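Open the model in your viewer and keep the selection tool at hand. The stops below say what to pick next and what is there.

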Amino acid sequence: MRRKQLFAVLMAGSMAASLAACGKTDTKKTTAATEKKTEAATEKKTEVATTEAKTEKATEKETEAATEKETEAATEAKTEEASSEEATEAKTEEASSEEASSEEASSEDVSAQAETEEESSEVATEAKTEEASSEEATEAETEEASSEEVSSEEASSEEASSEKVSSEEASSEEASSEEATEADTEEASSEEASSEEVSEAESEEASSEEDTEAETEEDIDGTGFKIGMVTDVGGVNDGSFNQSAWEGLQRAAENFGCEVKYIESKGDADFVPNIESFLDEDYDLIICTGYVMADAVRDAAELNPDQKFAIVDDASNADLDNVTCMMFEQEQASYLVGLAAGYTTESNVVGFVVGQANETMNSFGYGYCAGVLDANPDATILQYNANSFGDASAGKTAVNTMVTKGADVVFHAAGGTGLGVIDGCKENGIWAIGVDSDQSPLAPETILTSALKRVDNACYDATKKAILGTLEGGVATYDLAAGGVDIAPTTDNLSKDVLEKIEDAKKDIIAGDLVVPKNQEEFEEKYGDVYELD
């Protein structure tokens, strides 16, 4: 019995020992498996973290590169936009395009990061699945896995936050670039608007000045103001500069309400007493039409320093403070009619009649001969000095003589004597060229054209300034550019081709590309000793 009991005890102990040994073996196996699985999960998570770190670093580099590119583009846009409005618009579009590209790049980066995160999540999920599938995993392993998952989530959260911050910074820089571009555009537009406002202001100011001048002239009150005109021997109806001067004074009287009067001189002896008549009647301004009265004007001006005088075609009195010398570049107008004669003549013979040969009158001859020779180098120019401005018969005789020598165009600068020139040309059926005013009404079928000398404008201007108290002594010059001389507006007898050539010459004279000779030296330097009356 005891032996059986002892055997049972021994067997029980042996079994207990066996069970204990088996237990230890199972525990070791379980622990080893657990450690192996833990190491595998850790390695996988480490790989995930490494991948995420690389992805984050690559993303940061791409973000920095995109930011630098946007900053450079914005800087270039600002520089180009400041240079011009059109460049600004073009660069604004370019900047917008670059920003759009940058946004696409940022979107791609985000997508790539999202894919990386998704892959990382899948890896983590697999690891978790393996860990969860292991029925023998201990609570320690579960806790460790949970801890690692939390760390992974925190890392992902930090990465997402970093990406969000980078994205926000990039967006902020893009917005700043856009705002800077818009600011530059607005600044350029503002500057352009300011420039336009300045231009408009200048234009308005110029218009205001013109309006003021117009209003001033309209408001000029010449009531009680008296202007007297002394003619030379040609008379007020000479159809030339005496008549033109009187027409200018009549216009002044109509516009300003001043009193105007003329006294005709029958001869040189009438100059002094005619001037004295206006002095005795207390005329405010005395105008003498013609250089032949230069001596009479000087004597009167020196004796009456408070009296205002004006004289046509004389500069010898320019040293007197109370004498205004109205001079004209008549050689320019004479050149234009010389072109007309040279292009129109069929016989290649033209003529010139002057009222008196002197420095002033010879300038008509120099201009006329230069125009004829420039238009027709083969032309012959017949010349005659009538030595009078009031002898119509002498003018007519001169034309008859020239016709016998083949002349078919004759230009006169002879005042009243020129009326005989026009009559002679009409009788002989040849062309006549008038002077000082448009003389075509005297013989519409005979007057080819006329060399205008706007004495009317000069006398009107002197009257206005005298009323305003701004008339000064010295020389006042009237040329082609100022409208003081020109060719007559009546051009019915000139061909279209000739008119075009005359207009081209006018442009060249005004521009300074063509200088018309006005004295003997200038003329002979180019044309030689062709002019015979000097």
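Select Thr-380 and show its surroundings: leaving aside residues up to four places away in sequence, Thr-380 touches Asn-348, Val-349 and Val-350, where contact means heavy atoms within 4.5 Å. Thr-380 belongs to strand 7, residues 380-385. Helices (H or I, at least four residues) and strands (E, at least two) are DSSP runs, numbered from the N terminus. Thr-380 has a relative accessible area of 42% and is partly exposed. Buried means under 20% relative accessible area, exposed over 50%, and partly exposed in between, with a 1.4 Å probe and protein chains only. Add Ala-407, which is 27 residues from Thr-380 along the chain; their C-alpha atoms are separated by 8.7 Å.

A note on the model: it is predicted, local features need pLDDT of at least 70, side-chain atom pairs count only at pLDDT 80 or more, and totals for chains, interfaces and linings use all residues. Residues are numbered from 1 along each chain as its sequence is written, and side-chain values use heavy atoms, with hydrogens and water left out.

**The six-stranded sheet**

Next, display the strands as a cartoon and find the open sheet of six strands, ordered 2-1-3-4-5-11 with parallel pairing. Strand 2 (259-263) and strand 11 (474-478) are at the edges; each has a single partner strand, so one side of each is left without a neighbour in the sheet. On average, neighbouring strands of this sheet are turned by 20° against each other, direction ignored.

Zoom in on strand 4 and strand 5, which pair in the parallel sense over four bridges; two strands pair if DSSP finds at least two bridges between them. Pick Ala-310 and you will find Thr-324 of strand 5 opposite. Then add helix 6 (residues 294-303), which lies across strand 3 (285-289), strand 4 and strand 5 and runs at about 170° to strand 4. Axes are lines fitted to C-alpha atoms, for helices over the stretch in contact, and angles run from 0 to 180 degrees between N-to-C directions.

**Salt bridges**

How many salt bridges does the structure hold? There are 15, each a side-chain nitrogen of Lys or Arg within 4 Å of a carboxyl oxygen of Asp or Glu.

Select Lys-453 and Asp-313, whose side chains meet in a salt bridge at 2.5 Å, N to O. This pair links distant parts of the chain, 140 residues apart: Lys-453 is in strand 10 (residues 447-453), and Asp-313 is in the loop between strand 4 (308-312) and strand 5 (323-328). Are Lys-453 and Asp-313 buried or exposed? Both are buried.

Move to Lys-396 and Glu-427, where the salt bridge is 2.7 Å, N to O. Lys-396 sits in helix 9 (residues 392-404) and Glu-427 in helix 10 (residues 417-428), so the pair ties together parts 31 residues apart in sequence. Lys-396 is partly exposed at 24% relative accessible area, while Glu-427 is exposed at 52%. For a network, select Arg-251, Arg-454 and Asp-456, which are joined by salt bridges that share partners.

Now pick Lys-518 and Glu-329, another salt bridge, at 3.1 Å, N to O. Lys-518 lies in the loop between helix 12 (496-511) and helix 13, and Glu-329 in the loop between strand 5 and helix 7 (330-344), 189 residues apart.

**Both ends of helix 13**

From Lys-518, step to Asn-519: at the start of helix 13 (residues 520-527), a side-chain oxygen of Asn-519 reaches to within 3.3 Å of the backbone nitrogen of Glu-521. Finish just after helix 13 at Gly-528, which takes a positive phi of about 80°.

Technical notes. A polar contact is a pair of N or O atoms within 3.5 Å; within protein, one must be able to donate a hydrogen and the other to accept it, and residues adjacent in sequence count only if both atoms are side-chain atoms.
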